[in-house]
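This report describes a single protein chain, from its surface and fold to its charged pairs. The sequence and the structure are shown first.

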Amino acid sequence: MADDNKNPLDVLEELLKQSGGGAGTGGAGVGAVAAGKASLSADEVAKIKEEAEKKLAEELEVKRLELEQHQVEQSVVDEVKMAEQREEIVKIKDSDEYKARIQQDSDKKASDDNKIIAGDGFEIDQLDHKKV
């Protein structure tokens, strides 16, 4: 009954102290921090912004370095693949399929040349005529 005579705000404060702060103080703490930021001087705000910009710059630098490292690794992989492809291209000339294709092309050219030579002298000459 002694609690009935106390100020309701005092009772609430005691309950909050007993419960270890609870959600009520968390909200009050955020409000207090927000109110504290509102009362910061221009120099403090500039300092906070500068620190945030430095942090962002460091993060960007780390990402840039990671990207450059990835590009270097990718260029090494690309060079290896290019070397393998060059070797494959050189091996094509040694393959039986390539040699057969070259032989077919040369045989066809020789055959075409022989047809042209055989047809020499057998051209049809068209005589001119007048319409009546």
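The chain exposes about 12500 Å² of accessible area, and carbon and sulfur atoms supply 58% of this surface. Buried residues account for 1% of the 132 residues in the chain. The model is a predicted one, and the values below should be read together with its confidence scores.

**Fold and confidence**

The secondary structure consists of four helices and zero strands. Along the sequence, the elements follow the pattern α-α-α-α. The mean pLDDT of the chain is 82, with 83% of its residues at 70 or more. Among the elements, helix α3 (residues 42–92) has the highest mean pLDDT, at 93, whereas helix α2 (residues 22–38) has the lowest, at 48. The pLDDT is below 50 over residues 24–35, and this stretch has one contact in the model beyond near neighbours in sequence.

**Nonpolar surface patch**

Which residues form a nonpolar patch on the surface? The patch consists of Ile-89, Ile-92, Tyr-98 and Ile-102, which together have about 360 Å² of accessible area. The elements that give two or more residues to this patch are α3 and α4, the latter spanning residues 96–118. Ile-92 is located in helix α3. With a relative accessible area of 45%, Ile-92 is partly exposed; the value lies over the 30% that a patch residue must exceed, so Ile-92 meets the accessibility criterion for the patch.

**Salt bridges**

Side chains of opposite charge can pair when their charged atoms come close. The structure holds five salt bridges. The table below lists some of them, including the closest N to O distance of each pair.

| Pair | N to O distance |
|---|---|
| Glu-14 and Lys-6 | 3.1 Å |
| Lys-54 and Glu-50 | 3.6 Å |
| Glu-61 and Arg-64 | 2.3 Å |

In the pair of Glu-14 and Lys-6, the closest N and O atoms are 3.1 Å apart. Glu-14 is partly exposed, with a relative accessible area of 35%. Lys-6 likewise counts as partly exposed, at 35% relative accessibility.

How many residues apart are Lys-54 and Glu-50 in helix α3? Lys-54 and Glu-50 are four residues apart, so about one helical turn separates them. Their side chains meet in a salt bridge with an N to O distance of 3.6 Å. Glu-50 is partly exposed, its relative accessibility being 44%.

The salt bridge between Glu-61 and Arg-64 has its closest N and O atoms 2.3 Å apart. Both residues lie in helix α3, three residues apart, which is about one turn of the helix. Salt bridges that share partners join Glu-61, Arg-64 and Glu-68 into one network. Glu-61 has a relative accessible area of 36% and is therefore classed as partly exposed. Arg-64 also counts as partly exposed, with 36% relative accessibility.

Technical notes:
Residues are numbered from 1 along each chain as its sequence is written. This is a predicted model: local features need pLDDT of at least 70, side-chain atom pairs count only at pLDDT 80 or more; totals for chains, interfaces and linings use all residues. Side-chain values use heavy atoms; hydrogens and water are left out. pLDDT is the predictor's confidence in each residue, from 0 to 100. Contact means heavy atoms within 4.5 Å. Patches are made of residues with over 30% relative accessible area and no salt bridge: like charges are joined within 9 Å, nonpolar side chains (Val, Leu, Ile, Met, Phe, Trp, Tyr) within 5 Å. Accessible areas come from the Shrake-Rupley method with a 1.4 Å probe; for residues, only the protein chains shown count as cover. A salt bridge is a side-chain nitrogen of Lys or Arg within 4 Å of a carboxyl oxygen of Asp or Glu. Buried means under 20% relative accessible area, exposed over 50%, partly exposed in between (1.4 Å probe, protein chains only).
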